Amino acid sequence: MRRLLLSGTTAVATFGVGGAAYAQTTSAGTVISNQANATYTVNGTPASVQSNLSTFVVDRKVNVTVAADPNTNTIVNLGQSNAVMAFRVTNNTNGTQDMLLTTSQILGAGGTGTDNYDVGNVRIYVDSNTNGQWDAQDQLVTYLDEMLPDASALVFVVADVPNTTSANYASVSLNAQVAIGGATGTAGQALVATDLNLLNQNADQDIVFADADTDGLLGYDAARNGQARAYLQYEVGARTANLSITKTSAVVTDNVNLIAPKAIPGATVQYCLTIQNSSLLVPANGITLTDVIPTNTTYVPGSIRIGGLGTGGVCILGGFAANDDGSAVPLSPYGGSFNATTKTVTASIPTLLGSTSMAVSFQVTIN
């Protein structure tokens, strides 16, 4: 796993909108010292006296927040890879810290909404180029390295949606745990709070957890535990698409007439099937189109074409050729075959986007 360095000038550039680079509070470990002075006179003679030096060390006030960014469900399709949800992690501690990142698909009583399926291949990325979008420039991480006080980072949770599920909602939470900073490139150990029952020691730097409970009394997070958690959901969108098929035939040759061939024995007829997805934004996946050639006709070997342009049953462009035996054709995303026993033409179309159509054609001769 790689990690993002969040320190120095790099950190300032990385944090973007959320990254006021330096806290207004006093940094942990700062030594504060002062002395008292008194002046006086004795029979008109001025004098002064100075107290001892009083010194104490500013303790570490630990606070972290995780927020959904934006706080809306991610709408997904069955079988979708690399579905993205986003969270913002902010270090509110008065010191530079690492943030250990983990995800969970256990909703728990603290989560909100419904959770009735799980996604797979869950990964965590940080928005390395601060463009607000998950892309190839972003780094796969398990922790955020060296976050300055008040710095924040946009974190993406990326997962794959199963191909088959009857459920609609998969809840995923991102948890950030404050860890020791100061060792660039290495994940620090999780911070441990100083015993609250111990009296403050002026010479030592105590660790005080001051974070809030982010998911309620029944949730996995708790107040003052050095962690924060936020929840989002992958929501399966539409499950049906409005598909229609229009089929037409046209005589292309008859071996007699050069113009306007007729449907006579020996003539070649091309069937054109246009499949239309009239759903606006819902793709149809895994389409298998079958057509049994009619009696009194013979299939023309090697005549299947898939993926052409067509509308209303009229093929405009042919598309990719398909092998009759069903074997793959290089560079073609489609599959096709002809079963000589059942006289069936089959075409396989991986995806038909919403509001698009596609043509499939084949030829027969009239017996």
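A cavity is a set of grid points where a 1.4 Å probe fits but cannot get out. With that idea in hand, the tour of this predicted model can start from its enclosed spaces. A search of the whole structure turns up two cavities of 30 Å³ or more. The largest cavity has a volume of about 50 Å³, and about 40 Å³ of space lies in the second largest.

What surrounds the largest cavity? Its lining is made up of Ile306, Phe320, Ala321, Ala322, Asn323, Ser327, Ala328, Val329, Ser332, Tyr334, Gly335 and Gly336. Strand S25 (319-321) and strand S26 (335-339) each supply at least two residues of this lining. Sorted by class, the lining of the largest cavity holds seven nonpolar and five polar residues, with no charged ones.

The second largest cavity is lined by Leu273, Leu289, Thr290, Asp291, Val345, Thr346, Ala347, Val360 and Phe362. Strands S20, S27 (344-352) and S28 (356-366) are the elements that give two or more residues to this lining. Here the classes divide into six nonpolar, two polar and one charged. Asp291 counts as charged because Asp belongs to the charged class, and Asp291 is among the residues that line this second cavity.

Asp291 also leads to the next topic, the salt bridges. Asp291 forms a salt bridge with Lys247, and the closest N and O atoms of the two are 2.6 Å apart. Asp291 lies in strand S20 (residues 284-292) and Lys247 in strand S18 (residues 243-253), so this salt bridge ties together parts that are 44 residues apart in sequence. Are these two partners buried or partly exposed? Asp291 has a relative accessibility of 12% and counts as buried, because buried means under 20%. Lys247, with a relative accessible area of 39%, is partly exposed.

In total, the model has three salt bridges. Another of them joins Arg123 and Asp160, whose closest N and O atoms are 3.4 Å apart. This pair also links distant parts of the chain, with Arg123 in strand S11 (residues 120-126) and Asp160 in strand S14 (residues 152-160), 37 residues apart. Arg123 is buried, with a relative accessible area of 16%, whereas Asp160, at 21% relative accessibility, counts as partly exposed. The two values fall on either side of the 20% limit, which is why the labels are not shared.

The side chains of Arg88 and Asp69 meet in a salt bridge too, at 3.3 Å from N to O. Arg88 sits in strand S9 (residues 83-91), while Asp69 is in the loop between strand S7 (64-68) and strand S8 (74-76); the two are 19 residues apart, and the pair links distant parts of the chain. Arg88 is partly exposed at 22% relative accessibility, and Asp69 is partly exposed at 29%.

Attention can now turn to the nonpolar cores. How many residues does the largest nonpolar core have? The largest core has 39 residues, and those with the most contacts inside it are Phe87, Val89, Leu101, Tyr117, Leu144, Leu174 and Tyr234. A second core, separate from the largest, has 24 residues, including Tyr271, Ile287, Phe338 and Ile366. Some familiar strands reappear here: Phe87 falls within strand S9 (residues 83-91), and Ile287 falls within strand S20 (residues 284-292).

How values were computed:
Residues are numbered from 1 along each chain as its sequence is written. This is a predicted model: local features need pLDDT of at least 70, side-chain atom pairs count only at pLDDT 80 or more; totals for chains, interfaces and linings use all residues. Side-chain values use heavy atoms; hydrogens and water are left out. A salt bridge is a side-chain nitrogen of Lys or Arg within 4 Å of a carboxyl oxygen of Asp or Glu. Helices (H or I, at least four residues) and strands (E, at least two) are DSSP runs, numbered from the N terminus. Buried means under 20% relative accessible area, exposed over 50%, partly exposed in between (1.4 Å probe, protein chains only). A nonpolar core is a set of buried Ala, Val, Leu, Ile, Met, Phe, Trp, Tyr and Cys residues joined through side-chain atoms within 4.5 Å. On a 1 Å grid over the protein atoms alone, a cavity is a set of points where a 1.4 Å probe fits but cannot get out, and a pocket is an open set with protein on both sides within 12 Å along at least five of seven lines; lining residues have an atom within 4 Å of a point. Grid points are joined across faces, edges and corners, and a volume is the space filled by probe spheres set on the points.
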